[in-house]
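This briefing takes up two topics in turn, a strand arrangement and a pocket. Please keep the sequence and the 3D view open while reading.

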Amino acid sequence: MAASLPVTGADDGLDRLREVLRRTSAEADATGAPVAEALAELRASGILAAGVPVAHGGRGGAALVTNRLVERVAAVDPSVAIVLFQHYAVTARIVEWGSPEQQAAVLPRLASGEWLVASAWSEEGAGADKRNVATTADRRGDGWVLDGTKAFVTGAGIADLYLVLARSAGPSGGADGSGGFYGGDGQTFFLVEAANPGLRPGPALDLEGMRGSATGFLELRDCAVPGTAVLGPVGGAARIIAGVRESGATLGAVSAGIAAAAQELATAHATARGLLEHGDTTHCLVGLATQVETVRAVVERAGRRDSGAAGATTLHSKLAATRIAEDVCQEVQRLLGGSGYRRSSPINRLLRDARAVALMGPTNALCQELLRVGRAPVAPPEETAPRLPAVPQPAPAGRPPVPSTPPTREEAMPGATPEPMPDAMPQAVPEATPAVTHVLVGFSAGLLADLDRLLPARSVLVLEEPAVIAARNAGELAARYGCVAELRPAPTQDEERPERLVAAVPRPPALRAVIPAVEYGVVGAAALAEAWDVPGAGTAAARVMRDKGLLRGTAGPGGVDQPDWAPAEGPDDVQRFRARHGGSCVLKPANRQASLGVQLLGPADDIHEAWAGTTAADEPKLRVGYSGAARYLVEERLHGPEVSVELLVVDGRPGFVNVTAKSVQDSRHPVETGHVVPAGLPAGTVAALESAMAALVRATGFRSGVLHAEWILHQGRPHLVECAGRLPGDSIDTLIDLAYGGSILGGLLAVLEGRGAPAPRPATAGAAIRFLSAPVGTVTSVDGEEEARTAPGVHTLHVSAVPGTTTRAATSSWERAGFVVATGRDGAEAAANAAHAAERVAIRTGAGGAR
């Protein structure tokens, strides 16, 4: 457990708060009410800003940081820690689901401590799963009127803002995003200020534990709120509730603090009584320390969100932490002897508080119900890739030489290229379940994890080549995501004959959108969208995006600047082209991704060796080997800064746009080493890039979707490198979300569902990713992870080059050793924070090197 919390920038404030709580916790427990001095110090401490994005005056800390802060507070006063936990939890819901106007109005106040926020979900008789909420929300003009009584509201009477769960007339059929196990159809969340005359705190509950948490009733009588008070979709509260456990924030952090406090009491008692020389006592103390470290470890893992089933990990962390904390308290009570049974002994308060955490939502009983087989399965050890907010998952462990971050939302795996789906299709193809609203072309665990946050349960039909399903064990992986209704074999990668896919899959009756999930599903997705009359790229445009030769032949005549180029069918073609261009050129496959097979060749490089390397480059178990798929290009080598542009397009009209700065390793293989959002370019350069993107859209005839285009600013002008008709990889989508305070995936869903695209807007913060490198050899040790993880601005750290794995020089984006994502006030600060954290990680190999 880290002794300091650099991401919050509030160590002094935390220390002062803990000092105050040491003085006031016993009084709060005795009176059953929080002490005003403690609450004032909580507001002034600065730690409330930990979960608020930098763009809104916060520190941008993720669940890993907020969990640690909750533990530190719980070690001196669990009741105040519960108030803090609720503040972080509701803040996270506003960050995730709030409109830009809501975030701008509320988040700065939550960060500064001007406002405390609390949850008002529970009611007497509603059940632990909140299915039977009686509080109503009725539409009145442009607003709503709430009526009902909330119970077990932590922070009742002291909070300035409440997140109220009410029963509303939701969309037809409801939207139970939890799969029916937590929350119910037609429920909506509302943000209600404490100053609202229709909201009145009721009497406090006389609790056995957590007596200083201000837990009580909240009455809503003719409580009128504007339409802007709705958080998230009307009728879609269950979706928000279902995503809470995916956040990594866990009440287990409170239990961790309680266990640590009990251990500290035991050590102090043994020291004062001179018992440290007794073997039985020291063994007991060691056992207690082991239990405390265990509970910290499960809470830490939940906060890192680095399992393939983050929601399950969070639920398990609460179950384990509450049990261990209660066991530790009981053991310490026994160790204290007679003094431990006095009512005034602090261990009794800790034991009562430890038992209370198990009853807090989701209760331990509900956690166990949610974890039943098929609802929230645990990721096996080989599937422990990190899940970032709106971030593609890194490839699973086990891919030689080193599992690392992917350039797209796909995972690469070893083995021979799978065989394509045969021409003979099944005679009887089942209809999609009526619940299916979205079809995903290609299997992507990372994208499914993100869609779990945005779409209802069992609403997604996933299509993938049968050989890819088998090679990647996709059936088992897909079962982990509540949004998946079915994973169905289909010829998704037959780009020459996409009509086979259209013939194989009936249109779901309730279809809203078709989403290209992977690079090799772009053409299939466009063909389905076209056949089913929903927005999409258009099959012709999708084919252009998938073939760099077609792209060159289309973009150039359309007025897009690009390098000179030629198709290459063998080494002689490359040799002739290089000779015409001063002895240098670029050799690349026409239809791959991730810089795979791309080589920058100079005068001294062996052309035959280069050709053999490029033609051998492939993505086994991601790409099916349909005939005629291998094509190659040779291009003029340009020089200048490299950027990418991410653009949402609606009916051929550009919408939201972002420019990402790139850094590339200085080698024959141009593998990217980092990205920064926003790019920080002069306004004139950004305008030129936007104009070039508009020309590209016109030239290709791209209709609706997302484009991710890479450019070189050669002699000050944008020159097209390549363009993909899918979401960007390399965590660029997460950087965009962090910098702009929205969701580019949510924007893409709006486009593909025909709801339009978000308008262009400026970034309000900066975000950056720096990829880790490692010396060639077998990894022997990795140091500095904890220091990097808690460095200023760090959002996520993932190191894939673990001891025992083999590293080699990176020739594609699949071969990097990990990554750091960081935020800052602007792109430059975010990049500096990411670089600083990356430098803290030292990867040593048997070759004797360290990075």
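In what order do the four strands of the open sheet lie, and is their pairing parallel or antiparallel? In this predicted model, the open sheet follows the order S13-S16-S14-S15, and its pairing is antiparallel.

**The four-stranded sheet**

- The edges are formed by strand S13 (565–567) and strand S15 (599–601), each of which pairs on one side only.
- From one strand to the next, the twist averages 20°.
- Strand S16 (residues 632–635) pairs with S13 in the antiparallel sense over three bridges, and Ala566 stands opposite Val634 in S16.
- Helix H19 (residues 571–580) lies across S13, strand S14 (585–589), S15 and S16, and runs at about 150° to S14.

**The second largest pocket**

- The second largest pocket holds about 1,000 Å³ of space, and of the 45 residues that line this pocket, Gln86, Ser122, Leu359, Met360 and Gly361 are the closest to its centre.
- Two or more lining residues come from each of helix H4 (78–97), strand S1 (117–120), strand S3 (143–153), helix H6 (237–244), helix H9 (310–336), helix H10 (346–358) and helix H11 (364–370).
- H4 supplies the largest share of the lining of the second largest pocket, namely six residues.
- Sorted by class, the lining of the second largest pocket comprises 24 nonpolar, 12 polar and nine charged residues.

Definitions and conventions:
Residues numbered from 1 in each chain as written. Predicted model: local features only at pLDDT ≥ 70, side-chain atom pairs only at ≥ 80, totals over all residues. Heavy atoms only, no water. 1 Å grid on protein atoms, 1.4 Å probe; cavity = no way out; pocket = protein on both sides within 12 Å on 5 of 7 lines; lining within 4 Å. Points joined across faces, edges and corners; volume = space filled by probe spheres on them. Nonpolar A, V, L, I, M, F, W, Y, C, P; charged D, E, K, R; others polar. Pairing = 2+ DSSP bridges. Axes fitted to C-alpha atoms, helices over the stretch in contact; angles between N-to-C directions. Contact = heavy atoms within 4.5 Å.
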